[in-house]
Amino acid sequence: MHDFFLLRRQRHQKKMMKYMRYVLNDHFVLVCLFLVGGLAFYYSNLLKQLPPDFPWSLPIVGLVWWMILPFGKLATLVEPADMTFLLPKEKEMGDYLSRGLRHSLAFPFVVELLICGALLPLVVLAKQISFTNFFFYLLMLWGLKFSHLRLQRLACYQKTQDQTQRLLILWFIVSGATIFISLYITAWIGTVLALAVTIAFISLTQEKEQLLDWSKMIDRENARLHRIYQFINLFTDVPEVEAKVRRRKYLDGLLARISFKQENTYLYLFARGALRGAEFGGLFFRLLIVGGVLLFSLNDFRFATGVSLLFIYLIGFQMIPLYNQFDYISATQLYPVPTKYKKAALQRLMVLLLFAAAIIFTLCSLVHLSVVESLVLFAVLLIEIGLFAWFYLPARIKKMEV
């Protein structure tokens, strides 16, 4: 089963790397660098302004560390056909699940490493301790996470639901107590307690020749993969995620404003696709919400302007594929519409969507910026919308038609 799991993992990683080429594109990397750099800058300034006796440092750190512990699920990589074809190998599946557990440690361990490192300055500020305590805190979090994955491994077996639920509640309470003891007393005590918790849960989660619950195990793995595919689907089409069309009757009033003329054929189709389709409509609203939340927290005009410009561009760029969305419909072939109407329709819809986004971003900026600065921001966004719609968009459409 060792070679079998390696084969499954290799195939899974190859598939994920194929999608990562689209996720880690230049635009997404640029956004991440921009946001991380901005957050790091404001976080460093915040640390300088906090007094040494700030009472909420340790509670905030403890709560965040406690809340991130459940992050990361057990990756079993099982498939529906395994219920039939791997049944004769059920006695050997214990080793297979153990290898899956070790494979599942990498991602949550990296997340805990980054978050632990990011919040450690708050602990140092509150307790006046050395940064070498970082390793004790990190080992504590890793040990507690390993115990959590052991519980998920136990849940793969039959007749363990009640036991798993009781142990999960116990683990959550003990983990919180361990974290806060390490923060309020000393770091190495938390590490020792986490080691004891890990040993105890390894003993409590022995399967004892129990049979696997194949259906539950397959359902959980499918749910885990579905969450991953939903994230990837924000950047590219994923066959495993079926797009859903929603009625959204409350938006029919907007579509009723489009008059029934030949030149508005594609405008109606594009607007309908943007409002009803989960792919474009969901993407538009998600980027709008993320950009608005960021602007709520920014009090620097230059940084707010940069974030607004970036999100207006991202919204427009992600909506460009609407241009080819309806090419497969036979009606557009049987009742042809001149290409100039198609281009003008996307251009008009893009201006409307980006204009609405610019208004929302401007209103969000009023929380920290003055009225004059917000009006300047709105003017800058209008200039960007004009450049995008009348210069960048036609060039992109021309490339798509080649």
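Start your tour by selecting E221 and R224: E221 is buried, and R224 is buried too. Keep in mind as you go that this is a predicted model. The two residues form a salt bridge, with their closest N and O atoms 2.8 Å apart. Both belong to helix α10 (residues 214–232), where they sit three residues apart, about one turn of the helix. In general, an α-helix has 3.6 residues a turn, so residues three or four places apart point the same way.

Now zoom out to see the whole chain. You should find 17 helices and zero strands. Along the principal axes, the C-alpha atoms fill a box of roughly 70 × 60 × 35 Å. Of the 402 residues, 42% count as buried. If you turn on the surface, you are looking at about 22,400 Å² of accessible area, and 68% of that belongs to carbon and sulfur atoms. Among contacts with a separation of 6 or more, 82% are between residues 24 or more positions apart.

Next, go to helix α1, residues 2–23. How far apart are its end C-alpha atoms? They are 31 Å apart, which agrees with the 32 Å that 22 residues should span at 1.5 Å a residue. Colour F5, R8, H12, M16, Y19 and V23 to pick out the buried residues of α1.

Stay with R8 and add D82 to your selection. These two form a salt bridge, their closest N and O atoms lying 2.7 Å apart. The pair links distant parts of the chain, since R8 is in helix α1 and D82 is in helix α4 (residues 82–85), 74 residues apart. R8 counts as buried because its relative accessible area is 8%, under the 20% cut-off. D82 is also buried, at 4% relative accessibility. Add R11 and E79 as well: together with R8 and D82, they are linked in a network of salt bridges.

For another salt bridge, select D95 and R99, whose side chains meet at 3.1 Å, N to O. Both lie in helix α5 (residues 93–104), four residues apart, about one turn of the helix. Are they buried or partly exposed? D95 is partly exposed, with a relative accessible area of 34%, and R99 is partly exposed at 23%. The model's count comes to seven salt bridges.

Move on to R153, in helix α7 (residues 133–154). R153 counts as buried, at 4% relative accessibility. Its side chain reaches the backbone oxygen of G94 at 2.9 Å. Show the surroundings of R153 and, leaving aside neighbours within four places in sequence, you will find contacts with L74, G94, L97, S98, L101 and E207.

Then select W65 in helix α3 (residues 57–68). W65 is buried, with 0% relative accessibility. Beyond residues up to four places away in sequence, W65 touches I115, C116, L119, V123, Y137, M140, L141, I179 and L183. If you want to try the distance tool, go from W65 to T198: their C-alpha atoms are 17 Å apart, and the two are 133 residues apart in sequence.

Finish on the surface. Select F355, I359, L363, L366, V371, L375 and L382, which form a nonpolar patch with about 610 Å² of accessible area together. Helices α16 (339–365) and α17 (371–401) each supply at least two residues of this patch. Your last stop is L382 in helix α17, a partly exposed residue with a relative accessible area of 35%.

How values were computed. Residues are numbered from 1 along each chain as its sequence is written. This is a predicted model: local features need pLDDT of at least 70, side-chain atom pairs count only at pLDDT 80 or more; totals for chains, interfaces and linings use all residues. Side-chain values use heavy atoms; hydrogens and water are left out. Patches are made of residues with over 30% relative accessible area and no salt bridge: like charges are joined within 9 Å, nonpolar side chains (Val, Leu, Ile, Met, Phe, Trp, Tyr) within 5 Å. Accessible areas come from the Shrake-Rupley method with a 1.4 Å probe; for residues, only the protein chains shown count as cover. A salt bridge is a side-chain nitrogen of Lys or Arg within 4 Å of a carboxyl oxygen of Asp or Glu. Buried means under 20% relative accessible area, exposed over 50%, partly exposed in between (1.4 Å probe, protein chains only). The expected span of a helix is 1.5 Å times one less than its number of residues. A polar contact is a pair of N or O atoms within 3.5 Å; within protein, one must be able to donate a hydrogen and the other to accept it, and residues adjacent in sequence count only if both atoms are side-chain atoms. Contact means heavy atoms within 4.5 Å.
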